[in-house]
Amino acid sequence: MSQELTPTPGGAGGTGRSAGPLDEVDRRILDELVRDGRLSIRTLAERVHVSRTNAYARVERLLRDGVVTGFRALVAPEPAGLGTSAYIALTIEQNTWREVSAELAQVRYVEHVALLSGEHDVLALVRAPDNATLRDVVLDRVQSIAGVLSTRTWLVFEEFAGTQSPWQ
């Protein structure tokens with residue numbers, strides 16, 4: 001299962017169809033795949049107590065319906081040389097989301113971008129090797145994007161993943 005699908009920045013990332021509701025077996029499959037996306041279909045079927053054929057068909061349907069968008073390695077930033085993480089909130093000109101998001105997608109070290117409601121319009125997670133690189137990303141790259149009116153940066157001191165899967 002080494003498939004990786006990448007949604008278009010600023011796009012819905014889907015096929016335009018609504019997937020059907022997930023049943024208990026689908027939720028258990030998602031929980032197992034979130035824990036270990038490298039599971040074989042055989043092991044997955046054993047863990048969720050269905051046949052291999054059923055597990056394979058369900059995983060294929062979850063992929064086809066856009067519920068599962070791909071499989072990838074989770075990388076610990078600090079050991080990988082990205083010791084500085086920060087959230088950058090952007091205020092942008094009205095109706096520039098598509099252009100701004102397309103530009104942000106091209107900025108090295110930007111890991112995640114979200115369109116928001118509220119005080120700020122966009123939130124970006126940046127992982128950089130050091131503070132000097134973070135400064136360059138914010139001041140030279142992000143603030144120079146057409147449509148960006150202002151930025152606000154919060155350094156991340158520590159982070160952790162939640163322990164409760166929504167698929168259980």
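**Exercise 1. The sheet**

In what order do the four strands form the open sheet, and is the pairing parallel or antiparallel?

*Solution.* The structure is a predicted model. Step 1: the order of the four strands in the open sheet is 2-3-1-4, and their pairing is antiparallel. Step 2: strand 2 (110-115) and strand 4 are the edge strands, since each pairs on one side only. Step 3: on average, and with direction ignored, neighbouring strands of this sheet are turned by 20° against each other. Step 4: strand 2 and strand 3 (residues 122-128) run antiparallel and are joined by five bridges. In this pair, alanine 114 stands opposite leucine 123 of strand 3.

**Exercise 2. Helices on the sheet**

Determine which strands helix 4 and helix 5 touch, and give the angle stated for each helix.

*Solution.* Step 1: helix 4 (residues 97-104) packs on the sheet and touches strand 1 (84-92), strand 2, strand 3 and strand 4. The direction of helix 4 makes about 170° with that of strand 2. Step 2: helix 5 (residues 131-142) also packs on the sheet, where it touches strand 1, strand 3 and strand 4. Its direction makes about 165° with that of strand 4.

**Exercise 3. The buried face of helix 5**

Identify the buried residues of helix 5 and explain how they are arranged about its axis.

*Solution.* Step 1: the buried residues in helix 5 are Thr133, Leu134, Val137, Val138 and Val142. Step 2: viewed down the helix axis, these buried residues fall within an arc of 135°, and therefore line one face of helix 5. Step 3: the buried residues of helix 5 pack against strand 1, helix 4, strand 3 and strand 4. Step 4: at the N-terminal end, helix 5 is capped by aspartate 130, a side-chain oxygen of which lies 3.3 Å from the backbone nitrogen of alanine 132.

**Exercise 4. Two contrasting residues**

Classify threonine 84 and glutamine 164 as buried or exposed, and describe the surroundings of each.

*Solution.* Step 1: threonine 84 is found in strand 1. Its relative accessibility is 9%, which is under 20%, so threonine 84 counts as buried. Step 2: the side chains of threonine 84 and asparagine 131 are joined by a polar contact of 3.3 Å. Beyond four places in sequence, threonine 84 touches several residues, among them Val126, Pro129, Leu134 and Leu155.

Step 3: glutamine 164 lies in the segment after strand 4 (148-156). Its relative accessible area is 62%, which is over 50%, so glutamine 164 is exposed. Step 4: the side chain of glutamine 164 makes a polar contact of 3.4 Å with that of threonine 163. Glutamine 164 and aspartate 31 are 133 residues apart in sequence, while their C-alpha atoms are 9.8 Å apart in space.

**Exercise 5. Crossing helices**

Describe how helix 3 is oriented with respect to helix 1 and helix 2, and name the residues that meet.

*Solution.* Step 1: two packed helices are described by the angle and the distance between their axes. Step 2: the axes of helix 1 (residues 24-35) and helix 3 (residues 52-64) cross at roughly 80° and come within 11 Å. Helix 1 is therefore roughly perpendicular to helix 3. In this packing, Val25, Asp26, Ile29, Leu30 and Leu33 of helix 1 meet Arg58, Val59, Arg61 and Leu62 of helix 3. Step 3: the axes of helix 2 (residues 41-48) and helix 3 come within 8 Å and cross at roughly 105°. Helix 2 and helix 3 are thus also roughly perpendicular to each other. Here Ile41, Arg42, Leu44 and Ala45 of helix 2 meet Arg52, Ala55, Tyr56 and Val59 of helix 3.

Technical notes:
Residues are numbered from 1 along each chain as its sequence is written. This is a predicted model: local features need pLDDT of at least 70, side-chain atom pairs count only at pLDDT 80 or more; totals for chains, interfaces and linings use all residues. Side-chain values use heavy atoms; hydrogens and water are left out. Helices (H or I, at least four residues) and strands (E, at least two) are DSSP runs, numbered from the N terminus. Buried means under 20% relative accessible area, exposed over 50%, partly exposed in between (1.4 Å probe, protein chains only). A polar contact is a pair of N or O atoms within 3.5 Å; within protein, one must be able to donate a hydrogen and the other to accept it, and residues adjacent in sequence count only if both atoms are side-chain atoms. Two strands pair if DSSP finds at least two bridges between them. Axes are lines fitted to C-alpha atoms, for helices over the stretch in contact, and angles run from 0 to 180 degrees between N-to-C directions. Contact means heavy atoms within 4.5 Å. The arc is that of the directions from the helix axis to the C-beta atoms. Angles under 35 degrees count as roughly parallel, over 145 as roughly antiparallel, 65 to 115 as roughly perpendicular and the rest as oblique.
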